[in-house]
Amino acid sequence: PRSTLDRSSAASDVYKRQQIIKSLLVIFFGSIILAISAKIKIPFYPVPMTMQTFVVLFLGISFGYKIAIATVSLYLIEGIAGIPVFSTSPERGVGLIYFTGPTMGYLIGFMSACFLASFITTKDNYFMILSKLILSVSTIYILGVVWLGVLIGWDKPLVQLGVTPFLLAEFTKIALLTVLAKKLLKLRKFI
């Protein structure tokens, strides 16, 4: 009986190590995909669209909040450390100076967005998925506008500067994710 317990315990340890390695790989590659999504500009009206918010929500839906938050955290740490992973870095600066600029609220909002998107389930209908994604993305823009107000002043047209130009692009990404969400949830089995 003792050897059976030892083998069971050893198998459990191997499984746990494999899970940790899988999780770390997803986090690492997720941060790379997030960085790439920040750099790709898709022509869109009225401003070019990046796929960052799409990837942030994708991470939350596909891998759950633990992996998603770890991935976004790694991405933010990479940027703060000076790796040019943010949308307009290195052109507009790198590191902590860039991070604390006008986009900091939005970048921090990625954390809340991926967390909230992780609550989408296979039992949700399309309306519920759409509602959860709108709530998730809204936190990015709420935090973004709050920081923008702190930085440039509350007397400025903050919503017109920090939200309105991106609404059509966000709706397009949310609509696509709403349709794909139930298939993306199957990726959670990987982790």
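Tyr 75, Phe 86, Tyr 98 and Phe 99 form one aromatic cluster. The model is predicted: local features require pLDDT of at least 70 and side-chain atom pairs pLDDT 80 or more, while totals for chains, interfaces and linings use all residues. Residues are numbered from 1 along each chain as its sequence is written, and side-chain values use heavy atoms, without hydrogens and water.

**Exercise 1.** Describe the geometry of the aromatic pair of Tyr 75 and Phe 86.

*Solution.*
Step 1. Rings of Phe, Tyr and Trp (its six-membered ring) pair if their centres lie within 6.5 Å; planes under 30 degrees apart are stacked, over 60 edge-to-face, and the rest tilted.
Step 2. The centres of Tyr 75 and Phe 86 are 5.4 Å apart with 85 degrees between the planes, hence an edge-to-face pair.
Step 3. Tyr 75 belongs to helix H2 and Phe 86 to the loop between H2 and H3, so the pair ties together parts 11 residues apart in sequence. Helices here are DSSP runs (H or I, at least four residues), numbered from the N terminus.

**Exercise 2.** Determine whether Tyr 75 is buried or exposed, and place it in the largest nonpolar core.

*Solution.*
Step 1. Buried means under 20% relative accessible area, exposed over 50%, and partly exposed in between (1.4 Å probe, protein chains only).
Step 2. Tyr 75 has 0% and is buried; Phe 86, at 1%, is also buried.
Step 3. A nonpolar core joins buried Ala, Val, Leu, Ile, Met, Phe, Trp, Tyr and Cys residues through side-chain atoms within 4.5 Å. Among the 46 residues of the largest one, Ile 61, Tyr 75, Phe 86 and Leu 133 touch the most other members.
Step 4. H2 supplies the largest share of this core, 12 residues.

Terms used:
Helix = DSSP H or I, 4+ residues; strand = E, 2+ residues; numbered from the N terminus.
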